[in-house]
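Let's take a walk through a small protein model together. Have the picture ready so you can follow along.

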Amino acid sequence: MSGYSYKVEFFPIEEVLVEKQVDRGRIEKTLNRYAKRGLRLAQVALCGQLGLICIFEQEEAGE
């Protein structure tokens with residue numbers, strides 16, 4: 001049986017907004033870093049005016 005492990009990344013809104021647009025480069029850099037470790041993006045949520053939350057998951061090897 002296999003399970004999943006999760007990692008949550010929070011991007012504060014003041015760090016990802018550049019001139020009222022999301023700094024895609026910073027977010028893509030983080031996404032690529034997790035992808036290299038075998039994690040995939042499972043869910044993204046905007047947390048009001050606080051920031052962006054990304055949830056990554058990785059399937060763990062089962063017995």
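A good place to begin is a single pair of residues: R40 has E57 in β5 as its bridge partner. Keep in mind, as you look, that this is a predicted model.

**One pair, two kinds of link**

The side chains of E57 and R40 also meet in a salt bridge, with 2.3 Å from N to O. This pair ties together distant parts of the chain: R40 sits in strand β4, E57 sits in strand β5, and 17 residues separate them in sequence. Is E57 buried or exposed? With a relative accessible area of 10%, E57 is buried, because the cut-off for that word is under 20%.

**The strands around that pair**

Let's widen the view to the strands. β4 and β5, the latter covering residues 51-59, pair in the antiparallel sense over seven bridges. They form a hairpin with three residues between them, and G48 in the turn has a positive phi of about 55°. Another match between these two strands is A45, whose bridge partner in β5 is I53.

On to the next pairing. β1 and β5 run antiparallel too, and nine bridges join them. Here V8 stands opposite I55 in β5.

Put together, the strands make an open sheet of three, in the order β1-β5-β4, with antiparallel pairing. Why is one side of β1 and of β4 left without a neighbour in the sheet? β1 (4-12) and β4 (40-47) stand at the edges and have a single partner strand each, so one side of each has no neighbour there. From one strand to the next, the twist averages 20°.

A helix joins this picture. Helix α2, residues 24-36, packs on the sheet and touches β1, β4 and β5, and its direction makes about 165° with that of β1.

**A closer look at helix α2**

T30 is a handy residue for seeing that packing, as T30 is found in helix α2. Beyond its neighbours within four places in sequence, T30 is in contact with E9 and F11. The relative accessibility of T30 is 6%, so T30 counts as buried.

Helix α2 also holds a salt bridge of its own. E28 and R24 both lie in this helix, four residues apart, which is about one turn of the helix. They form a salt bridge whose closest N and O atoms are 3.8 Å apart. How many salt bridges does the structure hold? The structure holds two, and you have now met both E57 with R40 and E28 with R24.

**A closer look at A42**

Back in the sheet, A42 has its place in strand β4. Leaving out neighbours within four places in sequence, A42 is in contact with I55, F56 and E57. The C-alpha atoms of A42 and V8 are separated by 10.0 Å, and these residues are 34 apart along the chain.

The table lists the accessibility of several residues discussed here.

| Residue | Relative accessibility | Class |
|---|---|---|
| T30 | 6% | buried |
| E57 | 10% | buried |
| E28 | 38% | partly exposed |
| A42 | 40% | partly exposed |
| R24 | 60% | exposed |

**The chain as a whole**

Finally, let's step back. The protein chain has two helices and five strands, and from the N terminus on its elements run β-α-β-β-α-β-β. Buried residues make up 22% of its 63 residues.

What radius of gyration does the protein chain have? The value is 14 Å, whereas a compact globule of 63 residues would have one near 11 Å. Taken along the principal axes, the C-alpha atoms fill a box of roughly 50 × 20 × 10 Å.

The accessible surface of the protein chain comes to about 5000 Å², and 51% of that belongs to carbon and sulfur atoms. Contacts across the sequence can be counted as well: among those between residues at least 6 apart, 56% join residues at least 24 apart.

Definitions and conventions: Residues are numbered from 1 along each chain as its sequence is written. This is a predicted model: local features need pLDDT of at least 70, side-chain atom pairs count only at pLDDT 80 or more; totals for chains, interfaces and linings use all residues. Side-chain values use heavy atoms; hydrogens and water are left out. Two strands pair if DSSP finds at least two bridges between them. Axes are lines fitted to C-alpha atoms, for helices over the stretch in contact, and angles run from 0 to 180 degrees between N-to-C directions. Contact means heavy atoms within 4.5 Å. The radius of gyration is taken over C-alpha atoms; the globule rule is 2.2 Å times the number of residues to the power 0.38. Buried means under 20% relative accessible area, exposed over 50%, partly exposed in between (1.4 Å probe, protein chains only). Accessible areas come from the Shrake-Rupley method with a 1.4 Å probe; for residues, only the protein chains shown count as cover. A salt bridge is a side-chain nitrogen of Lys or Arg within 4 Å of a carboxyl oxygen of Asp or Glu.
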